[in-house]
Amino acid sequence: MTPTLQTGDRVIVNKIKVTFDLIQRGDIIMYRHNNKTYFSRIIGKPGESVSIKSQRINIDDRQVNEPYMKDRHIKDITLREIKNSDGDTIPSGAFFVLNDSRTYGLIDKKDIIGDVSLKYYPFKEFNYQFK
């Protein structure tokens, strides 16, 4: 998730939001995939249709202005183009994620460890608002 998170950063991961289905669009999450741990940002939730056109996120055909999309160079995509996608909507139990290295995809809820609530090290970069 560079530049939001970098190798060596220390974070606190909140598992409560996952347990009680409180994950929201824009949350940075920690998840497992193929026995590795990753960090990504939630872009879309189950049942939503997501596309990125001209550097803008569209949820259910409505443009969403998100500060984390500023100055990103992401190619236009639709859910149909995503591996393991069945169509235009995010399947139940899955989320659409994007990370700072401009990679994206669908992940299963069961793979989410929690959301990043706080970055406490390095101390000069202390942060709890990841917009």
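Are K17 and D27 buried or exposed? Both of them turn out to be buried, and the two residues are a handy way into this structure, which is a predicted model. K17 makes a salt bridge with D27, with 3.0 Å between the closest N and O atoms. K17 sits in helix α1 (residues 16-19) while D27 belongs to the loop between α1 and β2, so the contact ties together parts that are 10 residues apart in sequence. The pair is also part of something bigger than itself: through shared partners, salt bridges join K17, D27 and D115 into one network.

D115 leads straight to the strands. In the pairing of β1 with β10, N14 stands opposite D115, and in the pairing of β2 with β10, I29 stands opposite D115 as well. Strand β10 covers residues 112-121, and seven of its 10 residues are buried, so the rest of the structure largely encloses it. Five bridges hook strand β1 (residues 10-14) up to β10, running antiparallel. Strand β2 (residues 28-33) is joined to β10 by three bridges, again in the antiparallel sense.

These strands belong to an open sheet of six, in the order β1-β10-β2-β3-β8-β9, with antiparallel pairing. At its edges are β1 and β9 (104-108), each of which pairs on one side only. Leaving direction aside, neighbouring strands here are turned by 50 degrees against each other on average. Further along the sheet, β2 pairs with strand β3 (residues 36-44) over six antiparallel bridges, and within that pairing R32 stands opposite T37.

There is another open sheet, this one made of four antiparallel strands in the order β6-β5-β4-β7. Its edges are taken by β6 (62-64) and β7 (77-78); each has a single partner strand, so one side of each goes without a neighbour in the sheet. In the β4 and β5 pairing, four bridges join the antiparallel strands, and I52 stands opposite I57.

What about the nonpolar packing? The largest nonpolar core counts 14 residues, and I43, V50, L79, I90 and F96 have the most contacts inside it. Elements that give two or more residues to this core are β4 (50-53), β5 (56-59) and β8 (94-98). Of the elements, β8 gives the most, with three residues. A second, separate core has nine residues, among them V18, I23, F95 and I112. As for I90, leaving out residues up to four places away in sequence, its contacts include G44, K45, P46, G47, E48 and V50. I90 also touches L79, F95, F96 and L106.

Back to the charged groups: the salt bridges come to seven in total. One of them joins K109 to D21, the closest N and O atoms being 2.1 Å apart. This pair links distant parts of the chain, with K109 in the loop between β9 and β10, D21 in the loop between α1 and β2, and 88 residues separating them. K109 counts as partly exposed because its relative accessibility is 29%, while D21, with a relative accessible area of 54%, is exposed. Another salt bridge runs between K110 and D111, where the closest N and O atoms are 3.5 Å apart. K110 is exposed at 68% relative accessibility, whereas D111, at 21%, counts as partly exposed; the cut-off for buried is under 20%.

Technical notes. Residues are numbered from 1 along each chain as its sequence is written. This is a predicted model: local features need pLDDT of at least 70, side-chain atom pairs count only at pLDDT 80 or more; totals for chains, interfaces and linings use all residues. Side-chain values use heavy atoms; hydrogens and water are left out. Buried means under 20% relative accessible area, exposed over 50%, partly exposed in between (1.4 Å probe, protein chains only). Two strands pair if DSSP finds at least two bridges between them. Axes are lines fitted to C-alpha atoms, for helices over the stretch in contact, and angles run from 0 to 180 degrees between N-to-C directions. A nonpolar core is a set of buried Ala, Val, Leu, Ile, Met, Phe, Trp, Tyr and Cys residues joined through side-chain atoms within 4.5 Å. Contact means heavy atoms within 4.5 Å. A salt bridge is a side-chain nitrogen of Lys or Arg within 4 Å of a carboxyl oxygen of Asp or Glu.
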